[in-house]
Amino acid sequence: MGEPRRETVENWTSQHVSQWIFERDPELQHIADAFIYHNITGEILLELKESDFMKIIHDRHVTMKQEVEFLEHLSKLQRYFKKSKTRQRARAGVSGRKLVEVSLIAWRRCPPFPCSSSTPSASDLLTRVRAR
């Protein structure tokens, strides 16, 4: 069975997500139930990180084997869409520079560490990126 289209997955309800998990392996039912309980939609699923997943299932009786199995399925789904998104950008001629600029703007609003006099500002970094 091929992977679903991104537009389809982004519109999944938590029930659809649960069904996708169950179709991968019926033994993952505890995980599927947790995703319904926490209302994890397709849009959230595509952005879900391992740490988020661990918070979702923290009170469920899930074995390590089931955790690993689910994370492998999730990683495969996320990689599939990441590749197709990158290919779409390449076909459209969109450079990665614009993405860097957006990231730097976001970084300026909320830097990952306290700024000091030796820390380059976001505008300095942006100027360096544009100069390339």
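Leaving aside its neighbours within four places in sequence, which residues is serine 18 in contact with? The legends below take up this question, starting with the whole predicted model.

**Figure 1. Overview of the predicted protein, with its eight helices and zero strands**. Read from the N terminus, the elements follow the order α-α-α-α-α-α-α-α. The protein has 132 residues, and 30% of them count as buried. About 9,300 Å² is exposed, with carbon and sulfur atoms supplying 54% of that area. Among contacts with a separation of 6 or more, 61% come from residues 24 or more positions apart.

**Figure 2. Close-up of helix α2 packing with helix α3**. Here you can follow α2 through residues 14–24 and α3 through residues 29–37. Their axes lie 8 Å apart, at an angle of about 170°. That angle makes α2 roughly antiparallel to α3, because angles over 145 degrees count that way. On the α2 side, the contact is made by Ser14, Gln15, Val17, Ser18, Ile21 and Phe22. On the α3 side, Gln29, Ile31, Ala32, Phe35 and Ile36 take part. Sorted by kind, the residues of this contact are seven nonpolar, four polar and no charged.

**Figure 3. Close-up of serine 18 in helix α2**. Now back to the opening question: beyond its neighbours within four places in sequence, serine 18 is in contact with Ala32 and Ile36. Both of these partners appear among the α3 residues that make the contact with α2. Is serine 18 buried or exposed? Its relative accessibility is 7%, so serine 18 counts as buried, the cut-off being under 20%.

Note on methods. Residues are numbered from 1 along each chain as its sequence is written. This is a predicted model: local features need pLDDT of at least 70, side-chain atom pairs count only at pLDDT 80 or more; totals for chains, interfaces and linings use all residues. Side-chain values use heavy atoms; hydrogens and water are left out. Axes are lines fitted to C-alpha atoms, for helices over the stretch in contact, and angles run from 0 to 180 degrees between N-to-C directions. Helices (H or I, at least four residues) and strands (E, at least two) are DSSP runs, numbered from the N terminus. Angles under 35 degrees count as roughly parallel, over 145 as roughly antiparallel, 65 to 115 as roughly perpendicular and the rest as oblique. Contact means heavy atoms within 4.5 Å. Ala, Val, Leu, Ile, Met, Phe, Trp, Tyr, Cys and Pro count as nonpolar, Asp, Glu, Lys and Arg as charged, and the others, Gly among them, as polar. Buried means under 20% relative accessible area, exposed over 50%, partly exposed in between (1.4 Å probe, protein chains only). Accessible areas come from the Shrake-Rupley method with a 1.4 Å probe; for residues, only the protein chains shown count as cover.
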